[in-house]
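Please open the model in a viewer and keep the selection tool at hand. The tour below proceeds from one selection to the next and describes what is found at each stop.

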Amino acid sequence: MDKKCQRDGNISEFMCNLCPKFGMMAHIIKYNTEDEEFEWAVCEPIEEYSRVSANRFKQLSLFNDITPSVNEGDIKIIELFAGVGGFRIGFERASDKFKTVWNNQWEPSTKRQDASIVYQHRFGSAGHSNEDISIVPVEEIPDADLLCGGFPCQDYSVATTLHNSKGIEGKKGVLWWQIQRILRDKGENAPKYLVLENVDRLLGSPAKQRGRDFAIILSSLSDLGYYVEWRVINAAEYGMPQRRRRTYIVAYHKSSNIARQWKGESGDPMKWMLEKSILGVAFESKVDSKKNTRSDFTIDGDLVEVTENFNKSENGNAASPFGTAGFMADRQVWSVDVVSTYDGPCITLGQIILPDSKVPAEFFISDEEMPKWTYLKGSKSEKRMTKDGFEYNYSEGSMAFPDALDKPSRTIITGEGGAAPSRFKHVILTPSGRYRRLMPIELERLNMFPDNHTVGATDMRRAFLMGNALVTGIVERIGRVLKNRM
Ligand SMILES: C[S@@+](CC[C@H](N)C(=O)[O-])C[C@H]1O[C@@H](n2cnc3c(N)ncnc32)[C@H](O)[C@@H]1O
């Protein structure tokens, strides 16, 4: 590689001679921190590289090309919407039987593919795909035992179409249909197990026909031969350092061992959900006695009919029939609201923060900036003006300020990075009596990622990547139960 220019002090840019055809830039990044010293090279995935469509080309291996050695009895995983590898970390921590053989990550909103770069840096580029999943042919995806991924929350409605020989079509760009396409086209070689993650509001979307989107997901999985369990899990309620509520979905094909275990217990769906299912065992819980939300119903019709009719009410305000725990087999749904009964140790925000001596000055909030933070965090009731000059009343309650150190943190959001004052960024009062924002490494700890997992990206992007990621301890718990039951 020929040296080209210096950037950011510790990052140098080079023309990459591994792939001169595409004229790509490569970075050699040298790090020398107190705990770690390393050097790595990465081709910057510029537009032509990441947005491959017509001129598709084979991914080049840029790092240690570590193909995981898969042994007899190992559980092969494909990880979609991989981000920086939260599922991989969780599963591989649960057992060395879990081997991620292929993964896909492509960020549509940026030229520079930070998540893909971090992923390859940490896990190698063998089996990594940095392309829009919707243009990846199914033949390029290896067969595996388990498919996992945190798919984006979108509108899953289905319309009839004359162009599609199957008669129905999900909306273009809706990524759920990519999971469905892979499972459908792989046919009998499709993974027998699925572990998926999404936001908690998935169960109640869209607002005018609550639960419709989740009913579409359940129906499409049922039509592909899967039984499905789900749980809304707040990581902090199981001892983890962040209050992050997400819907976790575990599905198993009818021909799998776990489906057979369900058939043995099928007389008692409530017992299955709470005590015997994968999520029931992984996340101890009991029925929420304050809510009376038990439901038992079937989802009827094809996907177009589910789109049009599911939970339709005259005034459009019927509550979602999906509780925080549930199970579906052959379109029959059982569901209930549950609460955690975990009573083990808990990690607090205060336990994961770095000492002030390790925190650069820019993370501390100056006296001049303090009034802006106080205003944004505070409660307010005031008159505001729209762009068109229309005056309206605006009010909101106050946010915790500073964030409590003796509790798990609030949810990390993608806008957590950067020095600009904000209502939602975390601010702590350190033992030395100074206010400061959280460091990228602390955000990683709140998601239970290894320290410095995202190093190499800017602080702003590191915060973004953690705002998108999951709490890996949740996946680890699922993996520990799953591996013994598959
Ligand atoms: C909710 S995040 C998942 C984060 C991941 N679980 C982690 O631990 O970092 C969804 C990911 O899907 C990626 N994505 C969005 N559209 C995509 C597409 N069309 N093809 C592939 N990946 C996509 C995003 O860049 C994002 O990283």
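A residue is counted as buried if 20 or more other C-beta atoms lie within 10 Å of its own, as exposed if 12 or fewer do, and as partly exposed in between. By that criterion, 41% of the 486 residues in the chain are buried. The model is a predicted one.

**The whole chain**

Begin with a cartoon of the entire chain, which has 14 helices and 22 strands. Among contacts between residues at least 6 apart in sequence, 69% join residues at least 24 apart.

**The ten-stranded sheet**

Next, display the open sheet of 10 strands, whose order is 7-6-5-8-11-13-12-16-17-15 and whose pairing is mixed. At its edges stand strand 7 (128-129) and strand 15 (295-298); each has a single partner strand, so one side of each lacks a neighbour in the sheet.

Select residues 75-80, which form strand 5, together with residues 146-150, which form strand 8. These two strands pair in the parallel sense, over 4 bridges. Within the pair, Glu 79 stands opposite Cys 148 of strand 8.

Add helix 2 (residues 86-94), which packs on the sheet and touches strand 5, strand 6 (98-104) and strand 8. The direction of helix 2 makes about 170° with that of strand 6.

**Around helix 2**

Keep helix 2 selected and colour its residues by burial. How many of the 9 residues of helix 2 are buried? The count is 8, so the helix is largely enclosed by the rest of the structure. Gly 86, Phe 87, Arg 88, Ile 89, Gly 90, Phe 91, Glu 92 and Ala 94 are the buried residues. To see what covers them, show strand 5, strand 6, helix 3 (114-123), strand 8 and helix 14 (472-485), which are included in that cover.

**The nonpolar core**

Turn now to the largest nonpolar core, which has 102 residues. Ile 77, Leu 218, Val 228, Ala 251 and Ile 478 touch the most other members of this core. At least three residues of the core come from each of domain 2 (75-344 + 472-485) and domain 3 (354-404 + 413-446).

Centre the view on Ile 77. Which residues are in contact with Ile 77, leaving aside its neighbours within four places in sequence? They are Phe 91, Phe 98, Lys 99, Thr 100, Val 101, Ala 144, Leu 146 and Cys 148. Among these, Phe 91 has already appeared as a buried residue of helix 2, and Cys 148 as the residue opposite Glu 79.

**Ile 278 and its surroundings**

Move to Ile 278, in helix 8 (residues 278-282). Is Ile 278 buried or exposed? It is buried, because 24 other C-beta atoms lie within 10 Å. Apart from neighbours within four places in sequence, Ile 278 is in contact with Glu 229, Val 250, Ile 258, Ile 478, Val 481, Leu 482 and Arg 485. A distance label between the C-alpha atoms of Ile 278 and Arg 485 should read 8.3 Å, although 207 residues separate the two in sequence.

**Strand 16 and its hairpin**

From Glu 229, one of the contacts of Ile 278, step across to Phe 327 in strand 16, which stands opposite Glu 229. Strand 12 (residues 226-234) and strand 16 run antiparallel and are joined by 4 bridges. Strand 16 (residues 325-329) is mostly covered, with 4 of its 5 residues buried.

Now extend the selection to strand 17 (residues 332-336), which pairs with strand 16 in the antiparallel sense over 5 bridges. Here Gly 326 stands opposite Ser 335 of strand 17. The two strands form a hairpin with 2 residues between them.

Zoom in on the loop between strand 16 and strand 17, where both Asp 330 and Arg 331 are found. Most residues other than glycine have a negative phi, and most peptide bonds are trans. Asp 330 has a positive phi of about 50°, and Arg 331 a positive phi near 70°. Asp 330 is exposed, as 9 other C-beta atoms lie within 10 Å, whereas Arg 331 is partly exposed, with 17.

**Two cis peptide bonds**

Finish with two proline sites. The bond from Ser 205 to Pro 206 is cis, with omega near -10°; Pro 206 is in the loop between strand 11 (193-199) and helix 5 (212-223). Phe 401 and Pro 402 are also joined by a cis peptide bond, with omega about 0°, and Pro 402 lies in the loop between strand 20 (391-396) and strand 21 (427-429).

Conventions: Residues numbered from 1 in each chain as written. Predicted model: local features only at pLDDT ≥ 70, side-chain atom pairs only at ≥ 80, totals over all residues. Pairing = 2+ DSSP bridges. Contact = placed C-beta atoms within 7 Å. Axes fitted to C-alpha atoms, helices over the stretch in contact; angles between N-to-C directions. Core = buried A, V, L, I, M, F, W, Y, C linked by C-beta atoms within 7 Å. Domains from an automatic or database assignment.
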